[in-house]
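Subject: Structure handover

Hello,

Here is the structure I promised to pass on. Please open it first, then read the notes below alongside it.

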Amino acid sequence: MPRIGIIGGSGVYGVFEPKETVKVHTPYGRPSAPVEIGEIGGVEVAFIPRHGKHHEFPPHEVPYRANIWALKELGVERIIGVTAVGSLREEYRPGDIVITDQFIDFTKKRDYTFYNGPRVAHVSMADPFCPEMRKIFYETAKELGFPVHEKGTYVCIEGPRFSTRAESFMFRQYAHIIGMTLVPEINLARELGMCYANIATVTDYDVWADKPVDAQEVLRVMAENNYKVQELLRKAIPRIPEERKCGCADVLKSMFV
Ligand SMILES: CSC[C@H]1O[C@H](OP(=O)(O)O)[C@H](O)[C@@H]1O
Ligand SMILES: Nc1ncnc2[nH]cnc12
């Protein structure tokens, strides 16, 4: 049973050779693609390409609930979300890795919860990312000599369009990186008591800088930097302890009304 699940974002392909592909049906429909099971560094891992096998789901149409439910059903306890992000600060450079520690939600109309009544839950999101996994990914990325930021606030926009310059200047006041997919992936994982860590690769300077970002640039820079994400996963995943001491699942004790 895979305890670790990876949700791969734009331009993230081939994290391993799958040994098995599982078609999972969930109460929320099918995940973005059949779940691939394989090994990374000797550890069994499940993988879902967030936007589908052929990038057919835009960020606002990703079946987030089905993806998280499917991983849970397969036995996953810890999710690693891999994302491409724009930079809102000079010092977060294209090619840098960010081990995100906070987020701000600017999405507008997604399925944010598994609890739409009659069961009602209010999940704590004060510290949304798994501290155990964040530490391992940061230390491993440093060891590998990759440019890495220990922290970063991710502002999640609805998309699929990129921001206006005015929006980008506003986001710059309080966040470091920008993307379209962290929410509600992370909320949903937490509602099921799963750990979530985000490995973000900076692909562009968003639109506050002189040259506006475009999708081709994001995919090109992500492809150039894919090897970093792959090496990081290969080296860090075997360091993730089987037993969770992070407390991420403790929120379940107090979230129901
Ligand atoms: C391809 S450009 C915009 C697209 O890239 C990011 O995807 P992901 O977070 O899945 O790596 C961004 O969030 C947008 O969905
Ligand atoms: N500038 C940007 N805005 C939103 N999502 C992104 N994903 C990668 N770069 C992005």
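Let me start with a helix pair. Helices α1 and α4 pack at an angle of about 35°, and their axes are 9 Å apart. Their crossing is right-handed. On the α1 side, the contact uses Tyr64, Arg65 and Ile68. On the α4 side, Val183, Pro184, Glu185, Leu188 and Ala189 take part. By class, this contact has six nonpolar and two charged residues, with no polar ones.

Please keep in mind that this is a predicted model.

A second helix pair is worth a look. Helix α2 covers residues 131-143 and helix α5 covers residues 215-236. These two pack at about 115°, with 9 Å between their axes. The crossing of α2 and α5 is also described as right-handed. From α2, the contact draws on Ile136, Phe137, Thr140, Ala141 and Glu143. From α5, Leu232, Leu233, Lys235 and Ala236 meet them. The classes here are six nonpolar, one polar and two charged residues.

Next, the backbone. Most residues other than glycine have a negative phi, and most peptide bonds are trans. Three places depart from that pattern.

- Val183 to Pro184: this peptide bond is cis, with omega near 10°. Pro184 sits in helix α4, residues 182-191. Both residues also belong to the α1 contact described above.
- Gly117 to Pro118: a cis peptide bond joins them, with omega about 0°. Pro118 is in the loop between β7 (102-106) and α2.
- His55: its phi is positive, about 50°, and it is not a glycine. This histidine lies in the loop that runs between β4 (43-49) and α1 (64-73).

Now the ligands.

Which residues surround ligand 1? The list is Gly9, Ser10, Arg50, His51, Pro59, Thr83, Ala84, Phe162, Gly179, Met180, Thr181 and Val218. Oxygen atoms of ligand 1 make polar contacts with the protein. A polar side-chain atom of Thr181 lies 2.6 Å from one oxygen. A polar backbone atom of Met180 is 2.8 Å from an oxygen atom of the ligand. For Arg50, a polar side-chain atom lies 2.9 Å from a ligand 1 oxygen. On its own, ligand 1 has 390 Å² of accessible area, and the protein covers 92% of this.

Ligand 2 has its own set of neighbours. Around it are Ala84, Val85, Gly86, Phe162, Ile178, Gly179, Met180, Thr203, Asp204, Asp206, Val213 and Val218. Some residues border both ligands, among them Ala84, Phe162, Gly179, Met180 and Val218.

How far is a nitrogen atom of ligand 2 from an N or O atom in the side chain of Asp204? The distance is 2.7 Å. For the side chain of Asp206, a ligand 2 nitrogen is likewise 2.7 Å from an N or O atom. Gly86 contributes through its backbone: one of its polar backbone atoms is 3.2 Å from a nitrogen of ligand 2. The protein covers 95% of the 260 Å² of accessible area that ligand 2 has alone.

If you are short of time, go to Pro184. Its peptide bond with Val183 is cis, the residue is in helix α4, and it takes part in the contact with α1. After that, look at Met180, which borders ligand 1 and ligand 2.

Best wishes

Definitions and conventions
Residues numbered from 1 in each chain as written. Chains lettered and ligands numbered in written order. Predicted model: local features only at pLDDT ≥ 70, side-chain atom pairs only at ≥ 80, totals over all residues. Heavy atoms only, no water. Axes fitted to C-alpha atoms, helices over the stretch in contact; angles between N-to-C directions. Helix = DSSP H or I, 4+ residues; strand = E, 2+ residues; numbered from the N terminus. Left-handed = near helix turned anticlockwise from the far one by under 90°. Contact = heavy atoms within 4.5 Å. Nonpolar A, V, L, I, M, F, W, Y, C, P; charged D, E, K, R; others polar. Near = heavy atom within 4 Å. Polar contact = N/O pair within 3.5 Å; in protein donor to acceptor, adjacent residues only side chain to side chain. Areas by Shrake-Rupley, 256 points an atom, 1.4 Å probe, with all protein chains shown as cover.
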